[in-house]
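Here is a structure to read with its definitions in hand. Each question asks what stands behind a term.

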Amino acid sequence: MTKNPYSSAEIGPLMRDVKNKICHQLDLLGLLEDDYGMELLVAGNIISLDLSIAQVYEQVWRKTHSQATNSAAATGVLSASGTVSNRDCTPMTVTYRLQGLDGEATEPMTKELEEDREETQDPEVEFAIAGAMMECGGLNLVLSMVQHLRDDELKSNQEELGLVLKLLLYCCKIRDNRQALLRLGALALLLETARRAFSVDAVEPAEGILLIVESLVMEANESDIGITESVSTMSDDCNAAGEQAAKVVLMFLERLSHPSGPKVSNKQQRNNEMVARILPYLTYGEQAAMEVLVEHFIPYLKDWTEFDELQKRHQENMKDESLAKIAAEQRLAVENFVKVSESIKINSFGERLKYIIIEKGIARVAVQHLKEVFAVFERGDFKTSQEWMHGLKLPSVPVILSMLRGLARGHLGMQQCIDKGGVLPLLHALEGVSGESEIGARAENLLDTLADKDSKGEGFLADKVHQLRHATRDEMRRRALRRREELLQGLGMRRELASDGGERIVVSQPAIEGLEEVEEEEAGLACMVCREGYSLRPTDMLGVYSFSKRVNLPLGTTSHARGEWVYTTVSHFNIIHFQCHQEAKRADASLKNPKKEWEGAALRNNETLCNSLFPLRGPSVPIPQYARCVDQFWDCLNALGRADGSRLRLLTYDIVLMLARFATGASFSTDSKGGGRESNSRLLPFMVQMAHHLLDQGGMSQRRNMAKALTSYLTSPSQLDSPASGSKPSTPTTQRYGATEETVQYMMVHAVLLQSLDEWEQHRHTFLQRGIFHAYMQYKHGRSALAAPASSPSSSRASSSDLAPVDSKSEDISREDAELSETSENYFAIVQPMLIYTGLVEQLQRFLKWVKPTAQKSRNIENERENSEKSGDDSGSGPVSMEPWEITMRERLQDVKGMLGFSKELMNWLEEMQGASDMQEAFDIMGALGDVLSGGFSRCEDFVQHAIASGHTR
């Protein structure tokens, strides 16, 4: 990186801004929008990019270095809390690395930090109690104590002295005390005391006094009490305010001009910074003081070539003590002037001081030196020249850049001087330089100031700077594009516009042997790992990561019936080969920090939870291989806990619950944390595919029993038989199957597996009537007929029970209740989910079984020949002959592209159905309006009322 350290004010508030800064600096533009390609580490912790820089600095970096900072803070007399200020703490070191290059990360991940809830309190309120010092004469007493300090007391740095200075600093926190101290002449007294402390090398007391002086000087500049007035209050020797201010400036300049040696200690450096920071305040308003300050530094700033030569001779002859002293003095002087320039406030006094600096020619000489050093800049190949490399090594260049930034901040005249010097293009070239000298960063900061990057009104050359930067950025893009074109051309490729307006790369003249033979997977199912599907690997099983949950359904006719456990499955529809999943599973287990099978799968599943792999059979996949994958899926489900019934029955209820989510608009991602309607609509036909496979596996006996149960359900009399032998008869909305009673929704799914399209259309009227009555009875009992299972185990039984059948005699429903009083709007709201559910079944029926009439005749002739030769289905246990609709359904369930296309059609239909405004429109969209109006009803509402009333009479 070109600059160390960086200021967070220049980068941005978040660690993501740090990452983006690194990407810009290193030309890793492809990672700007990728939050997972690069990791940032601070103090051995991987830091989330959403955290603020300030939080990470305070709670991670400073916490790690607390011992060092606490030991440093113990030496300060004014450290009230025992901690060090930010300027005394080392800059935060941020390590960046690309993810995955060194294997799995082993460092802890810091995703959240405690918010700093402590509100910044107004000092006037926080230190209000210090106002008592002014009211009771305490300020006079404290000043008297400071005035009578002896030199030996200053040097001994006793605890009492530290407490007195700390008290005085707290008193300066409120404005009334600061103004009272200025009127009492505290500034002159403290300046004299600081001079005495410096003379006896009492560094810590001097630092404490300067902190107080700094607050008083700032108050004097902002109030009606001038600095010179405060200084002259306690001085009877000098009456002229300007001379008095000049004397104060000279006193501190003398402190800055005498380094103790070639190397400056941390304490001396800290004091020098503080003195340099308050020097501009001590000159404001007094021309004589400003002249003294500027004249002091002019000898060191008039010849930068001499400065470079002196530093070079010192580096070549380190043992010459006299030369080292001169070089250190000159270097310290220019560094102090840089600190002074950076401390000048943006106000009328600061503007006058900067105009004096311009008049003395300091800025002009510095700009001219830059032009002379980098005279080679005008050449096209300047960056590779020896003159350019020599200029980058000169010690004067980074100092000049920092000085010009401080002087140019908020000053139009100084910025015009830089602009007239013609160095803006040079500064733009320098901001791209990397190295330890920080030339690139300082040039960038100077241009940011000139361009008013932070919108503080401090820059006046924004248009010119932006024009330079945009021109360079455009040129870099053109070069990158040209290199890309050359690379593609060398590989025999080219760019061209795609139909959607984007760009794509195509092969023009294959330059790689065998490239023309490379195939791509067609649109459809493709593994997320190998990007291949059934086009390239037709016999390798694909599956989707799915999440299954065990729920309890009370399926008896009474409210106290024993609940039965079933499964409900959802998916994000992320596709992977079973083989690729096994390889990824082994890779996860061999990591430094091993992952369990479904933990690693969740990462591949777009951070969506999963606990099974649902098989998707392609047209060329052998039945035994598909059956093995089906067994693996059910093994995963069995691990969730016991469930009641055969696999086919459990899968049927799984489909029922899936359709119920679509019908009611319930969430698919409550438990899995991912996946929605679109992804689960793609899974739905493959669930029917597995149900069809399980039906075939059961053989003819299972098919006959199920068909008989469905026929019995549809042909059950409208009037209930009288109970015999104490047994309760079944209602028309339920059907006894084995030891359980199945719901109308369950029977509709069975109709998809067992009925032709003509049979479905023949009995659709009956399904509609019983579904409407079922929905109404659930509404009467305070339940939704199609509510999907809840996410929490405690509520699974309650919400899932809404799928249970209803006994029309389990409640005392009178004949008056049958004479319904609800409005048509209420009826529509009650039965709409059931209408959507029935319509979804209708869509499945049509997709799986409908064929064009012209094609049906030729298919019938062909089927007769096939059935005569066919001895069984693919499973080896199916019927001897198949109906035409069964063959069509079998073909559709092997058409992978067709099933994926059906999901899009289903979503369009569902959106239209959910947008229906009344009952007639809903019946029309689902294709059942003819069934409703064929029974002599003129309105759809009459049909609904009749269905409900007929249910009550049974």
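Q: What makes the residues lining the second largest pocket 10 nonpolar, 10 polar and 15 charged?
A: Ala, Val, Leu, Ile, Met, Phe, Trp, Tyr, Cys and Pro count as nonpolar. Asp, Glu, Lys and Arg count as charged, and the others, Gly among them, as polar. Sorted this way, the lining divides into 10 nonpolar, 10 polar and 15 charged residues. The model is predicted: local features need pLDDT of at least 70, side-chain atom pairs count only at pLDDT 80 or more, and totals for chains, interfaces and linings use all residues. Residues are numbered from 1 along each chain as its sequence is written, and side-chain values use heavy atoms, leaving out hydrogens and water.

Q: What makes a residue part of the lining of the second largest pocket?
A: On a 1 Å grid over the protein atoms alone, a pocket is an open set of points with protein on both sides within 12 Å along at least five of seven lines; lining residues have an atom within 4 Å of a point. Here 35 residues line the pocket, and H24, D27, H428, T472 and M476 lie nearest its centre.

Q: Which helix gives the most to this lining?
A: Helix 26, with 13 residues. Helices are DSSP runs (H or I, at least four residues), and strands are too (E, at least two), numbered from the N terminus. Helix 26 spans 462–490.

Q: Why are strand 2 and strand 4 called paired?
A: Two strands pair if DSSP finds at least two bridges between them. Two bridges join strand 2 to strand 4, so they pair. They run parallel. I46 stands opposite M109 in strand 4.

Technical notes
On a 1 Å grid over the protein atoms alone, a cavity is a set of points where a 1.4 Å probe fits but cannot get out, and a pocket is an open set with protein on both sides within 12 Å along at least five of seven lines; lining residues have an atom within 4 Å of a point.
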